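Dear colleague,

I am handing over the structure we spoke about, together with an account of what was found in it. Please keep the sequence and the 3D view open while you read, so that you can look up each residue as it is named.

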Amino acid sequence: MLPVQHRMRSSSDFRAAMRGGVRTARPTVVVHARHSQSPPTRVGFVVSKAVGNAVTRNRVKRRLRHLVIPLLDECPDAIVVVRALPPAASEPDRLASDLSEAWARTMARLTQGGSPHAKETG
């Protein structure tokens with residue numbers, strides 16, 4: 001379970017991370033991040049109806065929450081949004097590798113002071 005202090009709940013935080021930060025896309029996920037003034041790192045998840053029905057979306061969200069926990073240690077103070085794409089439900093084995101890859105690249109670009117509107121796809 002993702003610790004309470006690391007959960008993002010504010011819609012303004014979601015908006016700030018997605019519009020003003022850096023992002024990296026992979027076939028199953030997109031990771032958006034922006035520096036935060038207040039520690040610790042907070043993470044939010046977006047899983048749209050395009051991913052599947054409610055059961056499928058919740059399963060993907062639980063899987064993502066579980067996969068993010070070990071990644072929080074290697075992260076600067078930031079707000080992070082993990083957005084699941086439709087293949088996240090149909091390719092669960094690929095989800096873990098895509099998330100860790102996208103997370104690492106996004107954090108590297110964030111610490112290097114990447115352009116606020118920079119994006120990377122792969």
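A good place to begin is with how the chain meets itself: among the contacts in the protein chain with a separation of 6 or more, 81% are between residues 24 or more positions apart. Please bear in mind throughout that this is a predicted model.

The overall fold

The protein chain holds four helices and five strands, and if you follow the sequence from its start these elements come in the order α-β-β-β-α-β-α-α-β. The radius of gyration is 13 Å, close to the 14 Å that the globule rule gives for 122 residues, so the chain is as compact as a globular protein of that length. Along its principal axes the C-alpha trace spans about 35 × 30 × 25 Å, and 42% of the 122 residues count as buried.

As for the outside, the chain exposes about 6400 Å², of which carbon and sulfur atoms supply 50%. There are 20 positive and 9 negative side chains, and the centres of these two sets lie 10 Å apart.

The nonpolar cores

The largest nonpolar core is made of 26 residues, and those with the most contacts inside it are V43, L64, V68, V80, V82, L99 and W103. Two or more residues of this core are given by each of β2 (29-35), β3 (42-47), α2, β4 (78-84) and α4 (92-111), and the largest share, six residues, comes from α4. Apart from this core lies another, of five residues, among them M8, A17, I79 and V81.

Two residues of the largest core are worth following one at a time. Once its neighbours within four places in sequence are left aside, L64 is in contact with V29, F45, V82, A84, L95 and L99. V68, which sits in helix α2, has a relative accessibility of 0% and therefore counts as buried. With the neighbours of V68 within four places in sequence left aside, this residue is in contact with L2, V43, F45, V82, L99 and W103. V68 and V82 are 14 residues apart along the chain, and their C-alpha atoms are separated by 9.2 Å.

Helix α1 and strand β3

Which residues of helix α1 are buried? In this helix, which covers residues 11-20, they include D13, F14, A17 and G20, and the buried residues of α1 pack against β2, β3 and β4.

Strand β3 offers two residues to look at in turn, the former being R42 and the latter G44. R42 has a relative accessible area of 15%, and because buried means under 20%, this arginine counts as buried. Not counting residues up to four places away in sequence, R42 touches Q5, H6, R7, M8, D13, S36, A78, I79 and V80. R42 and R9 are 33 residues apart in sequence, yet their C-alpha atoms are 8.8 Å apart in space.

G44 is also buried, with a relative accessible area of 2%. Its contacts, leaving aside neighbours within four places in sequence, are M8, F14, V80, V81 and V82. The C-alpha atoms of G44 and V82 are 6.3 Å apart, although 38 residues separate the two in sequence.

A loop residue and a helix residue

Is S36, with its relative accessible area of 14%, buried or exposed? S36 is found in the loop between β2 and β3, and this serine is buried, because its 14% falls under the 20% limit. Leaving aside neighbours within four places in sequence, S36 is in contact with R42, D77, A78 and I79.

Finally, T56 belongs to helix α2, which runs over residues 54-68. Beyond its neighbours within four places in sequence, T56 is in contact with V51 and A89. T56 and D73 are 17 residues apart in sequence, while the distance from C-alpha to C-alpha is 28 Å.

With best wishes

Key: Residues numbered from 1 in each chain as written. Predicted model: local features only at pLDDT ≥ 70, side-chain atom pairs only at ≥ 80, totals over all residues. Heavy atoms only, no water. Contact = heavy atoms within 4.5 Å. Rg over C-alpha atoms; globule rule 2.2 N^0.38 Å. Buried < 20%, exposed > 50% of the residue type's maximum accessible area, 1.4 Å probe, protein only. Areas by Shrake-Rupley, 256 points an atom, 1.4 Å probe, with all protein chains shown as cover. Lys, Arg positive; Asp, Glu negative; His and termini not counted. Charge placed at Lys NZ, Arg CZ, Asp CG, Glu CD. Core = buried A, V, L, I, M, F, W, Y, C linked by side-chain atoms within 4.5 Å.
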